[in-house]
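Subject: Structure for you to look at

Hi,

Here is the structure I promised to pass on. Have a look at it first, then read my notes underneath.

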Amino acid sequence: MNDFMVLPLKSGYRCKDELRLELVTNYASAWSDIEASNKDKPEANKSDEVVLDLEKFLINIPVREVVHANLHDFEYKEHFENNEEPKSATRPSQGTD
């Protein structure tokens with residue numbers, strides 16, 4: 001196997017000063033919006049549920065390009081944020097997913 005496919009759920013960046021993860025885009029919410037808008041299109045077959053093809057959003061990553069990888073479980077993110085030091089004054093509000 002030379003490549004692997006990844007379906008992003010969220011994206012963001014590391015803040016410059018504290019190197020904390022700042023999430024910017026929630027892809028799952030965007031996909032739900034796209035599915036909802038597809039259902040409203042007149043050309044959509046109303047008898048079938050309009051399902052978004054998530055394969056369109058897969059990212060192909062060559063194994064040779066990977067330097068480091070680990071799993072991230074967003075279910076526990078808030079527990080870690082509550083124990084961050086220093087806490088940022090500009091941290092996004094909790095429960096916006």
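Below is what I found, starting with the overall layout and then moving to the largest pocket.

Before anything else, keep in mind that this is a predicted model.

The layout first. The protein has 4 strands and 2 helices. If you walk along the sequence, they come in the pattern β-β-β-α-β-α, with one helix falling between the third and fourth strands and the other after the fourth strand.

How much of the protein is buried? Of its 97 residues, 14% count as buried. The exposed surface comes to about 8200 Å², and carbon and sulfur atoms supply 53% of that area. As for contacts, take those with a separation of 6 or more: 47% of them are between residues 24 or more positions apart.

Now the pocket. The largest one has a volume of about 930 Å³, and 28 residues line it. If you want to find it on screen, go to Lys10, Asn70, Leu71, His72 and Phe74, the lining residues that lie nearest its centre. Several elements give two or more residues to this lining: the strands β1 (3-6), β2 (10-14), β3 (21-26) and β4 (59-62), plus the helix α2 (77-81). Which element gives the most? That is β2, with 4 residues.

What is the lining made of? Its residues divide into 16 nonpolar, 7 charged and 5 polar.

That's what I have for now.

Cheers

Definitions and conventions
Residues are numbered from 1 along each chain as its sequence is written. This is a predicted model: local features need pLDDT of at least 70, side-chain atom pairs count only at pLDDT 80 or more; totals for chains, interfaces and linings use all residues. Side-chain values use heavy atoms; hydrogens and water are left out. Buried means under 20% relative accessible area, exposed over 50%, partly exposed in between (1.4 Å probe, protein chains only). Contact means heavy atoms within 4.5 Å. Accessible areas come from the Shrake-Rupley method with a 1.4 Å probe; for residues, only the protein chains shown count as cover. On a 1 Å grid over the protein atoms alone, a cavity is a set of points where a 1.4 Å probe fits but cannot get out, and a pocket is an open set with protein on both sides within 12 Å along at least five of seven lines; lining residues have an atom within 4 Å of a point. Grid points are joined across faces, edges and corners, and a volume is the space filled by probe spheres set on the points. Ala, Val, Leu, Ile, Met, Phe, Trp, Tyr, Cys and Pro count as nonpolar, Asp, Glu, Lys and Arg as charged, and the others, Gly among them, as polar.
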